[in-house]
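Visitor: I've got a structure to look at and a few things I'd like to ask. Could you walk me through it?

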Amino acid sequence: MSEDVARNAAKLRRIDRERSRTTGRARLAIWSRYVLLIVAVLAAITPVYWMVTISLKSEIDQFAVPPRWIQFAPTLAHYYDSFLTRSFGQYLVTSITVAALSTICAVTIGTLAAYGLARFKLRANLDQRLSMWILSTRMFPPIVTAVPLFLMMRDVQLLNTLTSLVIVYTALNLPFVVWMMRGFFRELPRELEEAAMVDGDSRLGALVRVILPLVTPGLAATAVFCLIVSWNEFLLAVVLTQTDAAMTLPVGIAGRVTQYEIKWGVMSAAGVVAMIPIMVFAMAVQRYLVRGLSLGAVKG
Amino acid sequence: MDVKFQNVTKLFGRTTVVDHLDLVIEDGELVVLLGPSGCGKTTTLRMLAGLEEATSGDIFIGDERVNDVPTRYRDIAMVFQNYALYPHMTIAENIAYPLKVRKVAKDQIDQRVKRVADSLEIAALLSRRPRELSGGERQRVALARAIIREPRVYLMDEPLSNLDAKLRVQMRGELKRLQHELGTTTIYVTHDQAEAMTLAHRVAIMRGGKLQQFDTPMNIYNQPANRFVAEFVGSPSMNFIEGDVDVASRSFVSDGLSIALPETRLPMLADLQRVTLGVRPENIEVSSTERAGWLNASVYVTEQMGNETFVFLTIGGDKVIARAPADFRAEMESRVWVQIDAGKALFFDSDSGEALRI
């Protein structure tokens with residue numbers, strides 16, 4: 001009897017040891033995960049930090065070796081320089097205008113198209129084919145379109161205008177909007193609009209009053225994406241605009257790399273300002289963003 | 001308002017879903033479209049709602065041909081199978097929606113929402129949202145949204161099929177009562193024959209897009225137009241026995257049994273060889289003691305329902321179900337004696353399945 005008890009106790013002790021070893025291993029796994037995350041965050045944030053500090057450093061501090069991470073005399077000279085003596089203020093206004101207008105256009109047109117494609121069956125599977133065709137316009141690198149777009153815009157005399165950028169960015173974002181929104185619409189049961197129409201609403205009314213409120217998170221996520229694409233776009237902007245009046249921020253910033261000097265301070269200051277609107281907007285719609293991107297992942 | 005389908009056909013691609021349907025529904029009537037899934041009953045309802053377009057034929061509400069009238073102008077109300085409540089609106093907003101889109105004054109909307117909610121006992125739920133409600137509550141909200149205005153026709157697409165059995169029976173009664181009080185023409189789609197029998201003034205049975213029979217529940221039960229209708233309505237189902245008419249002995253003969261035919265049935269059967277006899281379980285009497293002139297049978301299995309007993313029998317090569325009193329007891333494979341009430345039996349053409357009329 002007592003032997004049994006002793007044997008049982010030994011067994012329990014062994015299990016305990018085993019368990020503490022596994023919890024030790026689990027703890028290690030958690031720690032290594034954190035270390036990896038910290039490395040990833042540092043990698044992402046360091047360039048931003050570097051840009052922000054350079055925008056605040058005098059030129060001597062910018063090139064100090066070893067680099068001055070924290071101790072330097074902050075100055076707003078570059079901000080003054082870029083936005084008051086140079087035209088960065090104007091570029092900023094251009095960027096905001098172009099990004100906002102093209103996002104509004106792309107989301108409006110794209111949402112309507114997506115609704116049609118999601119809800120109506122066309123003859124000979126045309127609805128499927130049209131969707132595929134729309135998607136296929138995203139399948140080549142944008143640079144391919146640069147020259148044709150330049151020639152087209154020249155012919156209609158829209159070079160160096162905001163209009164050209166709004167048109168081009170709308171076209172650039174449309175396929176994405178159509179495909180995202182089509183997916184969101186297809187998640188919703190048809191009966192919702194049908195009920196609304198039976199209740200006396202038009203199809204457009206049903207879309208506005210019943211369907212759109214239900215896809216708001218998706219709509220927000222899509223809009224943010226469009227805004228970011230338009231805001232960051234460089235290639236087509238540099239091809240289509242050469243004058244201060246029509247230049248967007250990315251083009252303006254890159255223009256400070258000249259054959260004589262590189263204006264790091266001015267560029268960084270403009271870069272910091274360019275970053276802010278997107279951050280503010282993303283934070284404002286963050287609530288929707290997470291839900292929007294995972295919308296459809298789980299049926300709710 | 002009366003509703004007419006005239007020679008209405010609906011094709012999906014090359015599939016015929018509704019096949020030359022003719023149906024006249026009287027004003028104030030509650031008509032149930034009954035049939036198995038895929039029989040075209042829901043499509044018929046959706047064509048009336050304008051949610052599907054008829055491929056050919058005419059649909060009338062009152063005297064107005066509505067084929068080309070958009071859904072919103074048809075002045076109908078519909079209850080969907082999944083209720084289709086608007087998830088982002090409160091219950092009050094859901095119920096008010098049909099009035100809101102018609103731009104009814106705010107104070108009048110509130111007043112009517114309250115009245116409807118009171119009558120359906122959902123007044124306490126008005127500020128909640130659909131996802132917080134149980135199935136039965138959602139069902140009531142969907143009904144409230146339909147009856148808040150006075151449409152020409154109510155359409156109901158399997159409104160009770162998502163409820164549990166007990167609630168379904170309760171709501172069935174309430175729906176019948178409600179329709180009686182409102183007196184509005186109602187078209188109700190279901191695959192549940194018990195719902196059809198209990199609710200309808202008249203039942204339209206469909207199969208494969210074709211109307212099989214359109215009559216009162218009692219007539220459908222007692223004089224089914226064909227074998228399909230006879231089998232679909234009634235639980236347990238009607239028994240069918242294939243056999244021959246022996247004119248000389250004036251009897252119906254199958255593999256395992258022979259039944260004397262009443263005088264009245266003979267003329268219609270005389271010139272037919274192969275027929276199917278149909279008899280409802282309540283028209284077969286079972287006895288565990290020997291009776292003179294009754295048929296010999298063996299018990300396959302018995303099912304006690306509490307108030308009655310279903311007896312599954314083998315008579316020669318035929319299997320039939322009989323309804324016996326609750327106290328009937330018999331072992332499996334035991335011998336029993338049965339009598340088929342030939343006077344209440346029905347006969348069907350074995351080839352076409354059509355009922356043979358006297």
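Visitor: How many residues of chain A are in contact with chain B?

Guide: Keep in mind that this is a predicted model. Here, a contact is a pair of residues whose C-beta atoms, placed from the backbone, lie within 7 Å. Counted that way, chain B brings 17 residues to the meeting, and chain A brings 15.

Visitor: Which element gives the largest share of the side of chain A that touches chain B?

Guide: Two elements of chain A give two or more residues to that side: α8 (191-198) and α9 (203-232). The largest share is six residues, and the element it comes from is α8(A).

Visitor: What classes of residue are on that side of chain A, and how many of each?

Guide: Let's sort them by class. Four residues there are charged and three are polar. The rest of the tally is nonpolar, with a count of eight.

Visitor: What distance separates the centres of the two domains of chain A?

Guide: The domain assignment splits chain A into domain 1 (2-62) and domain 2 (80-294). Take the centre of each over C-alpha atoms, and the separation comes out at 40 Å.

Visitor: Which element gives the largest share of the side of domain 1 of chain A that touches domain 2 of chain A?

Guide: These domains do touch: six residues from domain 1 of chain A and six from domain 2 of chain A take part. On the domain 1 side, α1 (2-56) and α2 (59-62) of chain A each give two or more residues. The largest share, four residues, belongs to α1(A).

Conventions:
Residues numbered from 1 in each chain as written. Chains lettered and ligands numbered in written order. Predicted model: local features only at pLDDT ≥ 70, side-chain atom pairs only at ≥ 80, totals over all residues. Contact = placed C-beta atoms within 7 Å. Nonpolar A, V, L, I, M, F, W, Y, C, P; charged D, E, K, R; others polar. Domains from an automatic or database assignment.
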